[in-house]
Amino acid sequence: MLGKLMKYEWMATWKLLLAANLLTVVMTLLAGWMVHIMDYSSGRGMVEFVAVMVILTYVGSMFAVYVGTSIYLIYRFYTSTYGDQGYLLHTLPVDTHHIIIAKMLVSALWMLINSALIYFSVIFLFASSEDIFVSMMEGMVNVFTFLGAEKISAFTIVMTIVAYIFSLFAKVLKVGACISLGQLSANHKLMLSFAWYVGIYLVERIFQGIYFGLQLAFNVKASHMDYLFYYDSQWETTLIGGIISCVVFYVLTWYMMNQKLNLD
Amino acid sequence: MAPVVQCMGLTKTYGRKIALNQVTLNLERGRIIGLLGPNGSGKTTLIKIMNGLLKPTAGEILISGQRPGVDTKRRISYLPERTYLQPGMKVIELVRYFQDFYPDFCVERAYDMLARLQIPPQERMKNLSKGTKEKVQLIMVMSRDAELYILDEPIAGVDPAARDFILHTIVSNYNRCGSILLSTHLIADVEDILDEVVFIKYGSIVLQAGAEQIRQNEHKSVDRFFREVFAC
């Protein structure tokens, strides 16, 4: 049943989100072309003005697509789980675990696609101008050499990617848990969901602050900044934090759906 | 064989408000049962608990001897009082959706009913009128061979001609081994198809009896009797 749930979750979201991602591609190509034109415009005022306007529109559209995708996925979770469509979802003969996992995987996949597209879009934009690209590459090589990046093992890189994926799942599950906890209110479900989100965000920041403070203190005590230690502790921290968050938010969402379901 | 529905001391409260108060009820198989009561009497709350959409505050409910869960959802075909289908989906996609999730869904029956009502399978739900959407939902629900059909206000808000279609669809398509629990406050329209009635008032069951038994003992229609019981 998990596969079927994922299939229908994908079918319900792909059209709008594909359109949004296509917009990213189109705007990237357009902005890249403008950057290229600016390289050879040699001070032609009107051309540069149009190019700058297009690049500004590109920046705005990237932001809009990223924020829009997140908002759409939150809206989709809310309406399909606790809105009218929840009457169908929660009367399907499927396990609650499957419902949560299907929604989490599809949402995380869209966020991954979205982030990857924006990332490659920015690289493409820089690569469109020979001057900027060369400077950027030189700058990056200098930074990585300074940080001792050549000492980073393949294992660290793989674990960094794994840690990123878990933190992505945690983000999605956090929103799901907050919306689910908001259902405890009879009349102000959305407001309570938002309050839960703010509360959880603050608690996370406090824990992070304490952790990084301690880490910095120990690192400084070692009388020099050990960047390799920094990389390793980065993925370890992100991975452990991601896994703990995933477990906590998953259990909360499951508990609310299974034991406290209260559809209007 | 266990009754299709057993409620034992079922209570549901929302803060201080009591929606269901110590409901004890057994519903037998192979019958069309009317769950009758005025608005706000607790019909929908009881139905939601049967479907696992609400958790009772106290008491227990069993569907074919089991607590609401994945297995009972497989046995129940539920029509809520609202449109619960995705507006962007085509009718043909809905048929596939129900076919995918419910092994007892009969595709031929669904297409036969859609054809009789001239509902194009390629049409999207959002393009259909409110009445047609309700008919599509009913078709999906009645195309299953369920043990228990729970229909919450299936004829509320539709014109008399549509009511006839809906009642005809219900009576001619349900699984004869199963039961139908039909909630409504429009008694006169459904009286003829009911085998049994359950009156619910202020969250409590005030009567459970055969429809024919009421007509014989009280010498009046169920509708007339209902009006007396629930007179303001």
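The following paragraphs describe a sheet in chain B of this predicted model and then the contact between chains A and B.

Chain B holds an open sheet built from 6 strands, and the pairing within that sheet is mixed. Read across the sheet, the strands come in the order E5-E6-E7-E3-E8-E9. At the edges lie strand E5 (76-79) and strand E9 (204-210) of chain B, each of which pairs on one side only. From one strand to the next, the twist averages 15°.

One pairing inside this order can be followed in detail. Strand E3 of chain B, residues 32-36, runs parallel to strand E8 of chain B, residues 196-201, and 4 bridges join the two. Ile33(B) has Glu196(B), in E8(B), as its bridge partner.

A helix also belongs to this picture. Helix H1 of chain B, residues 43-50, packs on the sheet. The strands that H1 of chain B touches are E3, E6 (148-152), E7 (179-184) and E8 of chain B. The direction of this helix makes about 145° with that of E6(B).

The remaining topic is where the two chains meet. Here 19 residues of chain A are in contact with 20 residues of chain B. On the side of chain A that touches chain B, helix H1 (2-40) and helix H3 (86-89) of chain A are the elements that give two or more residues. H1(A) gives the most, with 3 residues. By residue type, the side of chain A that touches chain B divides into 10 nonpolar, 5 polar and 4 charged residues.

Key: Residues are numbered from 1 along each chain as its sequence is written. Chains are lettered from A and ligands numbered from 1 in the order in which they are written. This is a predicted model: local features need pLDDT of at least 70, side-chain atom pairs count only at pLDDT 80 or more; totals for chains, interfaces and linings use all residues. Two strands pair if DSSP finds at least two bridges between them. Helices (H or I, at least four residues) and strands (E, at least two) are DSSP runs, numbered from the N terminus. Axes are lines fitted to C-alpha atoms, for helices over the stretch in contact, and angles run from 0 to 180 degrees between N-to-C directions. Two residues are in contact if their C-beta atoms, placed from the backbone, lie within 7 Å. Ala, Val, Leu, Ile, Met, Phe, Trp, Tyr, Cys and Pro count as nonpolar, Asp, Glu, Lys and Arg as charged, and the others, Gly among them, as polar.
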